[in-house]
Amino acid sequence: MLKAVFWDYQEDSRGAWLKCHIPNELIDERFIADVMHGEIRVDDGRRISSDQRKKIYALCRDISDYTGHDVEDLKENVLKVGFMIKEDREYFSLSNVDMTTARYFIEYILEFCFEWDIPLNANTVVLAREINNYLYLCLVHRKCAVCGKKHAHIHHVDAVGSGRNRNEVDHTKLRLIALCAEHHQETHTIGWQTFNAKYKVDGIKVNEKTIRKLGI
């Protein structure tokens, strides 16, 4: 992996252009010609926040409670190593890692919890609602976005409308959220705006592939 220092930035109608310098490296022109795809990871200088550490510890604690693994071993070895392998990342320390890497690591741990059906503590669920892919994972794994219960219903935040054929509705244009029977009923009782204000959750739009996966 080459480490570059960015030294110029420009924008035009086609997008953004970055110029960079790679210290102490000479790159053969044939290497550039053969490279068809690349990835840029930017360290903006911000370090991991206390809120991010709190989320990481809460998720690891829930995994530990369910599996019996030591929290520190999970965090520093099992999960971190799995994340580094999956993302092809170098070793990092949670004491001073950049905020972007910390965010990706949190999302990786959350996805691990959903894939292995790790039950999340009620307090962890509250923290998890702020993680980018939480609502998507709730939909795919049919878990309530409010309480984490399994076998959730798919609720249309944007009403389909009475009398309309659901097979003719473009569901990609409607916000969806996974809710258990209790919380699903509550939306109809108190209305979505009140429900949204109470639980701080919202629906999301998904693509056609996810719609088919959800069986809507």
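This is a short talk on the cysteines and salt bridges of one structure.

Okay, one thing up front: what you see is a predicted model.

Let's start with sulfur. A disulfide is a covalent bond between the sulfur atoms of two cysteines. So how many disulfides does a search of the whole structure find? Zero. Take cysteine 60: its nearest cysteine sulfur belongs to cysteine 113, and that one sits 8.0 Å away. Cysteine 60 is also buried, with a relative accessible area of 0%.

Now look at cysteine 147. Its closest cysteine sulfur is in cysteine 144, at 3.6 Å. That is too far for a bond, because the two sulfurs would have to be within 2.5 Å. Cysteine 147 is partly exposed, at 24% relative accessibility, whereas cysteine 60 is buried.

On to charges. Side chains of opposite charge can pair when their charged atoms come close. In this model the count comes to 13 salt bridges, and I'd like to walk you through some of them.

Find helix H2, which covers residues 50–67. In there, aspartate 51 and lysine 55 meet in a salt bridge, 2.4 Å from N to O. Why are they about one helical turn apart? Because they are four residues apart in that helix. As for how open they are, aspartate 51 is partly exposed at 33% relative accessibility, while lysine 55 is buried at 6%.

Next, helix H3, residues 71–87. Glutamate 72 and lysine 75 both lie in it, three residues apart, again about one turn of the helix. Their side chains form a salt bridge, with the closest N and O atoms 3.2 Å apart. Buried or exposed, what do we get for lysine 75? Lysine 75 counts as buried, at 14% relative accessibility, and its partner glutamate 72 is partly exposed, at 40%.

Here's one outside the helices. Arginine 175 and aspartate 202 meet in a salt bridge at 3.0 Å, N to O. This pair links distant parts of the chain, 27 residues apart. Arginine 175 is in the loop between strand S3 (153–156) and strand S4 (176–179). Aspartate 202 is in the loop between helix H8 (192–199) and helix H9 (208–214). Arginine 175 is partly exposed, with a relative accessible area of 26%, and aspartate 202 is partly exposed too, at 30%.

Last stop: which residues are joined into one network by salt bridges that share partners? Asp51, Lys55 and Glu130. You've already met Asp51 and Lys55 as the pair in helix H2.

That's it from me, thanks.

Note on methods:
Residues numbered from 1 in each chain as written. Predicted model: local features only at pLDDT ≥ 70, side-chain atom pairs only at ≥ 80, totals over all residues. Heavy atoms only, no water. Buried < 20%, exposed > 50% of the residue type's maximum accessible area, 1.4 Å probe, protein only. Salt bridge = Lys/Arg side-chain N within 4 Å of Asp/Glu carboxyl O. Helix = DSSP H or I, 4+ residues; strand = E, 2+ residues; numbered from the N terminus.
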